[in-house]
Amino acid sequence: MKTITVGISGASGVIYAQRLLMHLDESAEVSQINLVISGPGRRVIADELEISSSADSEQLVTDMVGRPSLKTVMFHPGDIGASIASGSCPVDAMIIIPCSASTLGTLASGASRNLLHRAADVCLKENRRLVLVPRETPLSTIHLENMLRLKQAGALIVPAMPAFYHKPAHIIALVDHFIYRVMDHLGLAHSQETAWRGESAKGS
Ligand SMILES: Cc1cc2nc3c(=O)[nH]c(=O)nc-3n(C[C@H](O)[C@H](O)[C@H](O)COP(=O)(O)O)c2cc1C
């Protein structure tokens, strides 16, 4: 059974985080989800998912997961003394989805300013799996250099670039296909076939 930390920063595409949380909550392999949302992340959730910015933690988790979730533990981004700020806290993997250019830059500099940054920094120093899902376009030289630096430090960079070869009929199919690839990188099983098996697979 795994403990996964999910960070949400203030980039567009918070629907990716919402669908990931739903799948993690359903996964028999996941016993605990630690959730940290930055202030700007909360703002984008309100803008893109129309989840009230005044919702309390319990309501926010219910709205994000789609039902009350006993597995999900919500942390305040300002609580730098929380358990996940320490390397002694057992966490199997962390993901920041979506990851803003700002959070990317903070992580690349090592100058953590909140619990989301600190928890990710801990993953890097403890050699734990850290998956970053940047969402920005176009990318500046600074963004690209920050991604390279983080990749070299051990993070996995999985940009929010959905695929189309599976011919998604609607936005949830498009988002979920990307989330299944993310779950592959988190080392979690899922029900969907995401491997491309060549031309012979067409139409099957
Ligand atoms: C609706 C909205 C969408 C945004 N989309 C992005 C984005 O896609 N990528 C990005 O890097 N920043 C985006 N931003 C800007 C970030 O929220 C801003 O840089 C913020 O300081 C990031 O803080 P955080 O990394 O601590 O969450 C967006 C802001 C808003 C309000």
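**Exercise 1.** How many nonpolar, polar and charged residues does the shell around the ligand have? Then find where the shell comes from.

*Solution.* Keep in mind that this is a predicted model.
- Step 1: Sort the shell by class, which gives four nonpolar, eight polar and four charged residues.
- Step 2: Look at the membership. The ligand is surrounded by 16 residues, and S9, G10, A11, S38 and A101 are the closest.
- Step 3: Turn to the helices. At least two shell residues each come from α2 (39-49) and α4 (101-109). With five residues, α2 provides the largest share.

**Exercise 2.** Work out how strand β2 is placed and paired.

*Solution.*
- Step 1: Check burial. In β2 (residues 30-37), six of the eight residues are buried, so the strand is largely enclosed by the rest of the structure.
- Step 2: Find the partners. Strand β1 (residues 2-8) runs parallel to β2, joined to it by seven bridges; here I8 has I37 as its bridge partner. β2 also pairs with β3 in the parallel sense, over four bridges, and V36 stands opposite F75 of β3.
- Step 3: Trace the connection. Together with helix α1 (residues 14-26), β1 and β2 form a right-handed β-α-β unit.

**Exercise 3.** Is G81 buried or exposed? Locate this glycine too.

*Solution.*
- Step 1: Place G81 in the loop between β3 (72-75) and β4 (93-99).
- Step 2: Count neighbours. G81 has 9 other C-beta atoms within 10 Å, and a residue counts as exposed with 12 or fewer, so G81 is exposed.
- Step 3: Compare with R118. G81 and R118 are 37 residues apart along the chain, and their C-alpha atoms are separated by 9.9 Å.

Note on methods: Residues are numbered from 1 along each chain as its sequence is written. This is a predicted model: local features need pLDDT of at least 70, side-chain atom pairs count only at pLDDT 80 or more; totals for chains, interfaces and linings use all residues. A residue is near a molecule or strand if its C-beta atom, placed from the backbone, lies within 6 Å of it. Ala, Val, Leu, Ile, Met, Phe, Trp, Tyr, Cys and Pro count as nonpolar, Asp, Glu, Lys and Arg as charged, and the others, Gly among them, as polar. A residue is buried if 20 or more other C-beta atoms lie within 10 Å of its own, exposed if 12 or fewer, and partly exposed in between; C-beta atoms are placed from the backbone. Two strands pair if DSSP finds at least two bridges between them. A crossover is right-handed if, with the strands pointing away from the viewer, the path from the first strand over the helix to the second runs clockwise.
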